[in-house]
Amino acid sequence: YLSGGPSHQDMYDLKMEAPPEIRGSFRPISTNVAGVEICEHLPRLATMMDRVAIIRSLHGCPDQHASDLCMSGYPIGARGRQDNHPSLGSAVSRLQGPVDPSVPPFVGLTIKTRHAPYSNPGYPGFLGTAHAAFQPEGQGMADMRLSGVTLEELRDRQSLLQSFDRFRRGADALAQYRGVDALTQKAFDVLTSSRLVEALDLEREDAVVRDRYGRGSADPAFGEDAGPHWMDQFLMARRLVEAGVRCVTLSFGSWDRHGANFERLPVQLARFDQGITALIEDLHRRDLQDDVSVVAWGEFGRTPRINKDGGRDHWPQVSCCLLAGGGMRTGQVIGSTNRLGEVPQDRPVHYQEVFATLYQRLGIDAGTATIPDQAGRPQYLLDQRDPIRELI
């Protein structure tokens, strides 16, 4: 999740024929796919364009500074976050369950921000707490720690059961502990296995691989209230998937560039370029390119016209997206915008079409799959259920 809304015309859709106040100072470079150009500040990505697909005509985004749309296909709505729909990670958790009982099926690496809607790693919606993202540095880790239970007691199943029974009695009245049985079962499974802990331990990784990804920092990018420039997360995501996690989410960078767009984006794009290409390259090197899908996007695009502060403002009319892996047909650009990058022109693609594609790559048919809500009524995963034909 590229928190804040990335600038489509400064990444993948440069408009060199537009007036200066539209096109800005960045220049396009050729890629290894004939006829496809992207921003000069993404040189690594340009050398592996055959391994990615770019969508230039993404639409369906409201003017909301929130990750909800990028995690679920639904913005904040009348029923709250994600309009009470489950995120992709939560839906997959419900439909496919864990690969291994000791590894959560859904992990969120997103850091906490003051602007809470940036911090959403993907809500479970009507599925409830049992299918929420496990957050290694957040409340999820607290759920997995021993509380009033020693390791010796942990090995004694009777003592453990009694401790959980006391916990349940104290939590029965709290809404957030609906699904506590599932949570405590997950806690027991994780506590008795080292698999998740080992996946999170990057010191176990070869130093050459770590250097290729880059290290970065968990601090918010540029000291702003947004995601970090923390390339370690890309590597951690790969390690978690190999350990059995079905879905990993993370946030990266500060893309709400109302000012200093052309001063700060070169720094940020270079870091994104390193992290995302390291991940894609690593998936191919480990022969995972058909099994693991990657998506990188934000909540909306930026204004074609540069403002008086040298930035671009919110532009919900169109955005962009990068996809890789998943056995998808890469090495292509899907869709286009008009001359000034204002609106989709050819082949508009809705956010939910991307989700339908991701579900399809996971073996889930969004056209037929349903999940019961709190009242037991079957609910479709999406309103728009057709995958992107060009990718499959």
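# A tour from cysteine to cavity

Start with Cys70: its sulfur lies 8.5 Å from the closest cysteine sulfur, that of Cys321, which is too far for a bond. This is a predicted model. A disulfide needs the two sulfur atoms within 2.5 Å. By that rule, the structure has 0 disulfides.

Stay on Cys70 and show its surface. Buried or exposed? Cys70 is buried, at 7% relative accessible area. Now select Cys247. This cysteine also counts as buried, with a relative accessibility of 11%.

**Next: Asp83**

Select residues 68-72, helix α3, and residues 88-96, helix α4. Asp83 sits in the loop between them. Its relative accessible area is 19%, and the limit for buried is under 20%. Asp83 is therefore classed as buried.

What does Asp83 touch, once neighbours within four places in sequence are set aside? Add Pro75, Ile76, Gly77 and Ala78 to the selection: Asp83 is in contact with each of these. Keep Pro75 displayed, as it returns at the next stop.

**Next: the largest cavity**

A search of the whole structure turns up 2 cavities of 30 Å³ or more. The largest holds about 40 Å³ of space. To find it, select Pro62, Gln64, Ala66, Asp68, Leu69, Pro75 and Glu299, the residues that line it. Colour them by class. You should get 4 nonpolar, 1 polar and 2 charged residues. Pro75 thus has two roles on this tour: it is in contact with Asp83, and it lines the largest cavity.

**Next: the second largest cavity**

Select Ile280, Leu283, His284, Gln289, Ala324 and Gly325. They line the second largest cavity, whose volume is about 30 Å³. Which helix gives the largest share of this lining? The answer is α12, with 3 residues. Strand β9, residues 319-325, supplies at least two, as does α12. Colour by class again: this lining has 3 nonpolar and 3 polar residues, with no charged ones.

**Next: helix α11**

Select residues 232-243. This is α11, a helix of 12 residues. Check its span: the distance from the first C-alpha to the last is 16 Å, close to the 16 Å expected at 1.5 Å a residue.

How many of the 12 residues are buried? The count is 10, so-called mostly covered. The buried set is Asp232, Gln233, Phe234, Leu235, Met236, Ala237, Arg238, Arg239, Leu240 and Ala243.

Now bring up what lies over them. The cover of these buried residues includes the following elements:

- β4, residues 106-108
- α9, residues 195-200
- α10, residues 207-213
- β5, residues 247-249
- α12, residues 261-285

Helix α12 is one you have met, in the lining of the second largest cavity. Before leaving α11, step just past its end to Gly244. This glycine takes a positive phi of about 120°.

**Last stop: Glu198 and Arg239**

Go to α9 and pick Glu198. Glu198 is partly exposed, with a relative accessible area of 32%. Beyond its neighbours within four places in sequence, Glu198 is in contact with Arg204 and Arg239. Arg239 is one of the buried residues of α11.

Draw a line between the C-alpha atoms of Glu198 and Arg239. How far apart are these atoms? They are separated by 9.0 Å, while the two residues stand 41 apart along the chain.

Methods
Residues numbered from 1 in each chain as written. Predicted model: local features only at pLDDT ≥ 70, side-chain atom pairs only at ≥ 80, totals over all residues. Heavy atoms only, no water. Helix = DSSP H or I, 4+ residues; strand = E, 2+ residues; numbered from the N terminus. Expected span 1.5 Å × (residues − 1). Buried < 20%, exposed > 50% of the residue type's maximum accessible area, 1.4 Å probe, protein only. Contact = heavy atoms within 4.5 Å. 1 Å grid on protein atoms, 1.4 Å probe; cavity = no way out; pocket = protein on both sides within 12 Å on 5 of 7 lines; lining within 4 Å. Points joined across faces, edges and corners; volume = space filled by probe spheres on them. Nonpolar A, V, L, I, M, F, W, Y, C, P; charged D, E, K, R; others polar.
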